[in-house]
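Reader: Please walk me through chain B and its partner. Keep the answers short.

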Amino acid sequence: MTVVMEKPERTGAEEPAAPARSVRRVGRPVLVAAILAGWLVLFAVLRGRQTLSLAAADLTDLHRWFNDVNDSIGANRDSNPLFLYFFNEIRLVIDTLVTFVQELISQPSADRPLPQIGWLGVVGIAGYVSWAVGNWRVALLAVAGFTFLGLQGLWQESMDTLALTLSAVLVALLFAIPLGVWAGLSDRVNRIVTPFLDFMQTMPTFVYLAPLTLFFLIGGASATIATVIYAAPPAIRITAHAIRSVPETTVEAAESLGATRRQALLKVLLPMSKRTVVMGVNQSIMAALAMVTIAALIDAPGLGKTVVQALQSLDVGTAFNAGLSIVVLAIVLDRVTTAASVREETARRSKGRFRTWRRPLLGAGAVIAVVLAYLSHTYVWAAEFPGEGSVGSSVASAADTTTTWVQDNLSGLTNAVRDALTNGLLNPFQSLLTDSPWWLVGAVLIALGTVLGGRRAGVTTAVCVGLLVGTGLWSDAMTTLASTLVATVLVMLFGVVVGVWMGRSALVDRLIRPTLDAAQVMPPFVYLVPFLALFGATRFTAIVAAVVYAAPVAIKIIADGVRNVPATTVEAATAAGCNTWQLITKVQLPMARGALTLATNQGLIYVLSMVVVGGLVGAGALGYDVVAGFSQGQLYGKGLAAGLAIVLLGVMFDRITQAAARRAGA
Amino acid sequence: MTPTQAEVPQRHGTPRDSDSTPVISVRNLWKVFGPKAERVPDSEELCGLTRRELMDRTGCTAAVRDVHFDVSPGEVFVVMGLSGSGKSTLVRCLTRLIEPTAGEIVFEGEDIRDADPARLRDLRRRKFSMVFQHFGLLPHRQVVDNVGFGLEIRGMSRAERTRRAQEVVELVGLAGYENSYPDQLSGGMQQRVGLARALAGDPDVLFFDEPFSALDPLIRRDMQNEVIRLHHEVGKTMVFITHDLSEALKLGDRILIMRDGKMVQCGTGDELVGAPADDYVREFVKDVPRGDVLTLRWIMRAPEDGDALDGPELGPDVVVREATRVVLAADTPVKVVENGTLLGIVGDEEILAVVAGREGDV
């Protein structure tokens, strides 16, 4: 947050009058300090009054009303025409699709004790497809990765996750690519779609689940639909971007040769954006995987469920083993789709012999894959993964041993870190937020929003604060807010240190970037597991996981910002005699101000989604409310309200930091 | 030793036939960008405003204002102007890549503005083609498929268009690169592909939109020579947009100078240099080596009493630079004769005024 408070340069245009301009230019950091000081003073006086706290089992009218809505929907699900002919139909179609894919690779089908295609067939097909769309290296990776899943003893769970992911991505792309092409072609569609996509992408995975269960019941269908909704935006956005970035001259050239709109689309726009669209598919798959694991909370089958159950019983070994499977799956899917997007280029370069052989080789590969699939369909040895998953149990027990060892030997250290941060930073801040009267915190938030983001951000903040109070979960929201802000400060600290280091040194960048890229494709879920082992089930675990989850994106944005400072400016500063420290603090960081604000924005959004997931491991507050809502009927309404509160927090963070970024950027 | 009229080459290789009907005839062409653009050309008051005033009054930008010209068959017609003068918009209006706001564009007797989309596509497929500044090639296709792209759009069979594309690839000097991808070629070669693509459909008119501006000077010169060569070989009518005066003078039979969307002057190169319409054009042509552009017609004087009229004869369209040696070598002034009529005489003094500059000139 410190970053946003830096005094941005004047960008003009937005401010109406010149006098106001000069006042604000002088005043912004001072104003922020004044607001914070005033808050502290009032806090000391008014502590503990009008805090709007609500006990875990207490409900407000709104929550009870949500419960009633849920009950009435439940009662009328099979009579209300809207449900009968719309929601239920959708659920049926999705269910049929998911069941079909599941029976193909993961679940026993009607007359068979095993799925249609056993492990050997799946591994064979995975290897073949990876090779066909990518290259032989990713094919090897896919074969090794999938085999490892079997060795872990989690074959069926992995295949469930894969089945859900693939069906959801299939449905998502069916909508997303045409919509993306449309948005790429038409400015009007783009203008309409963009705010929706922005909004959808700011929301933590979590909040999609609650409202969907209202319409589609708890279970696989809801999970898939949530995944579809979550996986579509990146594909839409990237497809539209791909179409839009085809050079205008090329389109014009096609037009000048008399191409029809259809010809221009099929022969110019689509082929030229193919590569980028495949990257969109990659993003879509990664988003789907993240969502499918989280959707375990609403009873989606697969690896996520194993992790959730293990987390709830604090069984670190099992959670670690299943988490590892998710990581392996994520790596395989990411590498294969990334390889697919670059294949076009490399294949073009490799001339001659290999190309003439490619077709027959592809044919031969297909035959082998079909034979393997047939074997796995017919013989039990090829259908059921052999062995007892001994690798899995040794992974689990190794993780357990490590945890025990850490707890025995390092607990002094980890507890010291935890307690220091909890007592030194988190608790005071949290009590400042939760023990102040609600109107005081609200006023402070609105004032800060206005000062940092401008009047419109202030209005948005005011609306969000009002609605937050309305959800009846003010106190929980403030707890989540405290964790989020503390984690974001830590993220920005990391981000600036590592980002500046990477931005200044190409070598460091080359070394660190692959790790960051890999870290970014992981579903947020799996970050909880190792930190649960280290820090136990506390708020702090969620915060550390959030920092680790959000740091890569912040680091990358800051590194790019520092790298984009024009070389001539750096040269000029060096020529003027700046030392390294001066160069960083006086030239590179100020010039990367836009990137810093953007990093704060992304950091906040990522942190929020993780802090909320942390509700699973004792972080409490809004995340816990949502989870409890899924499992206990009488808390359903409260969970829904908590989901709403998360949305409001997300919108508030996003609007303020976006507005601040616009001011700082330009 | 004395060369005769016939031995001195004329500046322009193509004979200009002033009687033939124009291929393209543009009348009162307007292109206005902005809200309710169509009212601007209709209103006499708005037409009179400067660009800035129009922007302030109506929020519209007039990119092309009341332009008219004719392009004769086989002619290279150059439109020249600085950036923002509306020349690129003008050339796009001619094929309706940008929809004109008002005016007529008559191509072979047909007003293009009346063509429906199908007819317009047909014209683009068979009659016009265009070469772009940034090439506009398809990166995912090999050279031969880029060249054949227009033919493919027409629906020509694969074998036929490959054969035709191959011919054109050889014509523009790219033989051996048929199977390369555009990003494997240099800028000059990429533009040759663009040129080949434009030629492949055997159009009647070629439009060039600053085709060589993105190229290095040496390559640019090669490509200019290439265009001159192709013009000799295939004899197409060409409309050529450029911001480079020397390019305009080198290629153009006639040159239209534009400023702020309006036409300032239209004429041959020697007319622009010899009789600039206003200070803007004068400033433009100031640094042109006048001896390379002006012909004897521009510098001859009427014979006075005492001038010896027994010198060698030259035609009025001989460029000064090429007449210099003849004039300086002769003892008496050179007679400028057209169809047996004496138009004037040129002595050492006139030649030197052009070649070495008049006394007092900068």
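**Chain B: contacts, sheet and domains**

Author: Begin with the interface. In this predicted model, 16 residues of chain A are in contact with 19 residues of chain B.

Reader: Which element gives the largest share of the side of chain B that touches chain A?

Author: Three elements of chain B give two or more residues each to that side: α5 (117-126), β6 (128-131) and α7 (149-154). The largest share is 4 residues. It comes from α5(B).

Reader: How many residues on the side of chain B that touches chain A are nonpolar, polar and charged?

Author: Cysteine and proline count as nonpolar here, and glycine counts as polar. On that basis the side of chain B that touches chain A has 9 nonpolar, 6 polar and 4 charged residues.

Reader: β6 appears at the interface. Which strands are the edges of the open sheet in chain B?

Author: The sheet has 6 strands, in the order β6-β7-β8-β3-β9-β10 of chain B, with mixed pairing. An edge strand pairs on one side only. The edges are β6 and β10 (262-267) of chain B.

Reader: What is the average twist from one strand to the next?

Author: Take the open sheet of chain B, which runs from β6 to β10. From one strand to the next, its twist averages 15°.

Reader: Which residue stands opposite B:L256?

Author: Look at β9 (residues 254-259) of chain B, which pairs with β10(B). The sense is antiparallel, over 5 bridges. Opposite B:L256, in β10(B), stands B:C266.

Reader: At what angle to β6(B) does helix α9 of chain B run?

Author: Helix α9 covers residues 187-200 of chain B. It lies across β6 and β7 (205-209) of chain B. Angles run from 0 to 180 degrees between N-to-C directions. Relative to β6(B), α9 of chain B runs at about 175°.

Reader: How far apart do the C-alpha centres of domain 1 and domain 2 of chain B lie?

Author: The domain assignment gives domain 1 of chain B as 71-127 + 203-285, and domain 2 as 290-355. Their C-alpha centres lie apart by 33 Å.

Reader: Which helix gives the most to the side of domain 1 of chain B that touches domain 2 of chain B?

Author: The contact takes 5 residues from domain 1 of chain B and 5 residues from domain 2 of chain B. On the domain 1 side, 4 residues come from one helix, residues 269-274 of chain B. That helix is α12 of chain B.

Reader: What percentage of the residues of chain B count as buried?

Author: Chain B has 17 helices and 13 strands. Buried requires 20 or more other C-beta atoms within 10 Å of a residue's own. Of the 362 residues of chain B, the buried share is 40%.

Definitions and conventions:
Residues numbered from 1 in each chain as written. Chains lettered and ligands numbered in written order. Predicted model: local features only at pLDDT ≥ 70, side-chain atom pairs only at ≥ 80, totals over all residues. Contact = placed C-beta atoms within 7 Å. Pairing = 2+ DSSP bridges. Domains from an automatic or database assignment. Buried ≥ 20, exposed ≤ 12 C-beta atoms within 10 Å, placed from the backbone.
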